[in-house]
Amino acid sequence: MSNPAPIPPDELKRLFPLARPDPIREKSYEFALTLAGTVSAGAYTAGVLDYILEALDAWECAREAGSHDAPTHHAVLSTLTGASGGAINGAIFMRVAGFAFPHGPKTGNPFYDVWVNGVTLSDLLRPSDPVDGLRSVFNTDAFARMATDLVTKSGPPLGSDGTTPVARGYLADPLRLFTMVANVTGIPYRIRFRGQSHLGHDLVGHADHVRFGFTVPGGVPNMPGPRPDEFALGSASALNWNLIADAALATSAFPAAFPSQPLARALAMVGYRVAVVPGEDQNTAEIAQLTPVWDSLQPGTTQGQLSTVNVDGGTVNNQPLDFARAALAGYNGRNPRAGDEANRGVVLIDLSLLKISSGQHSFVAVV
C-alpha cells in the first residue's frame, strides 16, 4: 500500500490559510466557543450552551417573523473546540443543532439528560466483566450506552414547536467541532531542515484532535466546505455519528479512573497537520505540513485505517483556544481588537475554583 502523497501547496493554502481577513458573513459578528475540560462541572457548560441555543433561537424567530424588535445585525457561530467534558458538550450541541428540544432542567433536554439524568455513582461502582488486569478504577459501561443513545437522539423538526426558527441561520454550514484527545500511541513526524544536508529531526506527537463538520440547512456558508480531514455529520444521516461518540469517550477518558479508548481514522487524515514557520523574508510566514513518518505507521494499519489508543484530551490541551482562534483568524492572523472594529472573537466557557481569603468561590472566565 502506497503512502499518502504530500499536500499540494495550493491545497495547503486553501485548507490552512495564514489569515482570514473578514467574517464569513457581511455585517456580522462571527464567534467560536472554546469549551474547557470540566469533569462534573460539564453540567455548568451544558447549561450555558442550552441557554445560548435558546436565546439565539428566539432572536432568529423574531427575525423570521419580521418583528421590529429583532436585532438588525447578525451573529454567526462557526466553530466549537473542546476537551474532556467540554468536548462532550460540543458533541451534544452538534447532535441537537438540527432539531427542537425543551430547554432548561427538563427531561428530554439532551444537555440535562446527559449531565443530570445520565450516569450515576452506582453505575460507576458496579462490578464489570472480568478482564486480564485492571483496566480502570470505575466501570464505564454506562458511558458507552449513554454515548450511543445520545448520537441516535432526534426531536421535532425546527419550526414545528413554536419556539424554534425554521432554520438556524445563525450557525455556519458546516458547523465545525474540534475534539481534543491525548494520543498515547503517538504520531511520528519528521521536521526537515532547510539547506543542502537533507537532514531532519524526528519527534512523536501526542497532542491530537478529531474534527467534525455538521451540515446546517440554511446556515451561513463556511469556507472551505467539506474537508478531507474531517468527518461529515448531518441530522438526516447516521453517517459518522458513531465516530463522534467514540471521540467523546476518548476525550473524557481520564487516565486510570476511566479506560483508554481506541479511535480509527483514515491514515491520510493524520497528514493534515501543519505548523507556521518563518518565510524566506524576515517579516513573512509560511504554512508547512507536518508529514508523518508513514512507514512507522504502516504495521498498525488495516485497509488504509490508523488505530490509536487515546485518553483525556484535557491532559494535552484543556482549553483549546488556539484551534478556535486559528479557525476565525487564520493560522497567522489576528482578530480586530478595537471596539469599533471587532467583528469576531472567541468565547471561552470555563468553570474554575479560586481560593480567596473569604473562602471558595466559583467563577466563569469568558473572553
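Q: What percentage of the 367 residues in the protein chain do buried residues make up?
A: In this predicted model, buried residues make up 46% of the 367 residues in the protein chain. A residue enters that count when its relative accessible area is under 20%. The protein chain exposes about 18400 Å², and carbon and sulfur atoms supply 57% of that area.

Q: How many helices and strands does the protein chain have?
A: The protein chain has nine helices and 14 strands. Of its contacts with a separation of 6 or more, 72% are between residues 24 or more positions apart.

Q: How do you know that the length of helix α2 agrees with its 23 residues?
A: The expected span is 1.5 Å times one less than the number of residues. For the 23 residues of helix α2 (residues 42–64) this gives 33 Å, and the end C-alpha atoms are 33 Å apart, so the two values agree. After α2 comes Gly-66, which has a positive phi near 70°.

Q: What covers the buried residues of α2?
A: The cover includes β1 (28–35), β2 (74–82), α3 (85–96), α4 (110–115) and β12 (344–349). Among the buried residues of α2 are Leu-49, Ile-52, Leu-53, Leu-56 and Trp-59. The buried residues of α2 also include Asp-50, Asp-57 and Glu-60.

Q: Why is Ala-43 called partly exposed?
A: The class lies between the buried limit of 20% and the exposed limit of 50%. Ala-43 has 35% relative accessibility and therefore counts as partly exposed. Ala-43 is found in helix α2. The C-alpha atoms of Ala-43 and Trp-115 are 5.4 Å apart in space, although 72 residues separate the two in sequence.

Q: Which residues have the most contacts inside the largest nonpolar core?
A: They are Met-94 and Phe-212, in a core of 48 residues. Helix α7 gives the largest share of this core, eight residues. In soluble globular proteins, nonpolar side chains tend to be buried together.

Q: What is Met-94 in contact with, leaving aside its neighbours within four places in sequence?
A: The partners of Met-94 include Leu-80, Leu-175, Leu-177, Phe-212, Phe-214, Leu-233, Trp-241 and Ile-244. Arg-176 is also in contact with Met-94.

Q: How many aromatic pairs does a search of the whole structure find?
A: The search finds five aromatic pairs. One of them is formed by Phe-101 and Phe-111, with 6.2 Å centre to centre and 55° between the planes. The centres must lie within 6.5 Å, and planes that are neither under 30 degrees nor over 60 degrees apart count as tilted, so this pair is tilted. The pair links distant parts of the chain, with Phe-101 in the loop between α3 and α4 and Phe-111 in helix α4, 10 residues apart.

Q: Why do Phe-101 and Phe-111 count as buried?
A: The limit is 20% relative accessible area. Phe-101 has 6% relative accessibility, so Phe-101 counts as buried. Phe-111 has 2% and therefore counts as buried too.

Q: What makes the aromatic pair of Phe-212 and Phe-231 tilted?
A: The rings are 5.8 Å apart centre to centre, with 35° between the planes. The angle is not under 30 degrees, which would be stacked, and not over 60, which would be edge-to-face, so the pair is tilted. Phe-212 lies in strand β4 (residues 200–214) and Phe-231 in strand β6, 19 residues apart. Phe-212 counts as buried because its relative accessibility is 0%, and Phe-231 is buried with a relative accessible area of 11%.

Q: Why does Asn-240 count as buried?
A: At 13% relative accessibility, Asn-240 falls under the 20% limit and so counts as buried. Asn-240 sits in the loop between β6 and α7 (241–251), and has a positive phi of about 75° although it is not a glycine. The side chain of Asn-240 reaches the backbone oxygen of Ala-232 at 2.9 Å. That distance is within the 3.5 Å limit, so this is a polar contact. Beyond its neighbours within four places in sequence, Asn-240 is in contact with Phe-231, Ala-232 and Leu-233.

Q: Is Ala-256 buried or exposed?
A: Ala-256 has a relative accessible area of 56%, over the 50% limit, and is therefore exposed. Phi of Ala-256 is near 75°, a positive value in a residue other than glycine. Ala-256 lies in the loop between α7 and β7 (261–266).

Q: Which residues does a cis peptide bond with omega of about 5° join?
A: Asp-173 and Pro-174 are joined by this bond, and Pro-174 is in strand β3 (residues 171–192). A cis peptide bond also joins Met-223 and Pro-224, with omega of about 0°. Pro-224 is in the loop between β5 (220–221) and β6 (231–233).

How values were computed. Residues numbered from 1 in each chain as written. Predicted model: local features only at pLDDT ≥ 70, side-chain atom pairs only at ≥ 80, totals over all residues. Heavy atoms only, no water. Helix = DSSP H or I, 4+ residues; strand = E, 2+ residues; numbered from the N terminus. Buried < 20%, exposed > 50% of the residue type's maximum accessible area, 1.4 Å probe, protein only. Contact = heavy atoms within 4.5 Å. Core = buried A, V, L, I, M, F, W, Y, C linked by side-chain atoms within 4.5 Å. Areas by Shrake-Rupley, 256 points an atom, 1.4 Å probe, with all protein chains shown as cover. Polar contact = N/O pair within 3.5 Å; in protein donor to acceptor, adjacent residues only side chain to side chain. Phe/Tyr/Trp six-rings, centres within 6.5 Å; stacked < 30°, edge-to-face > 60°.
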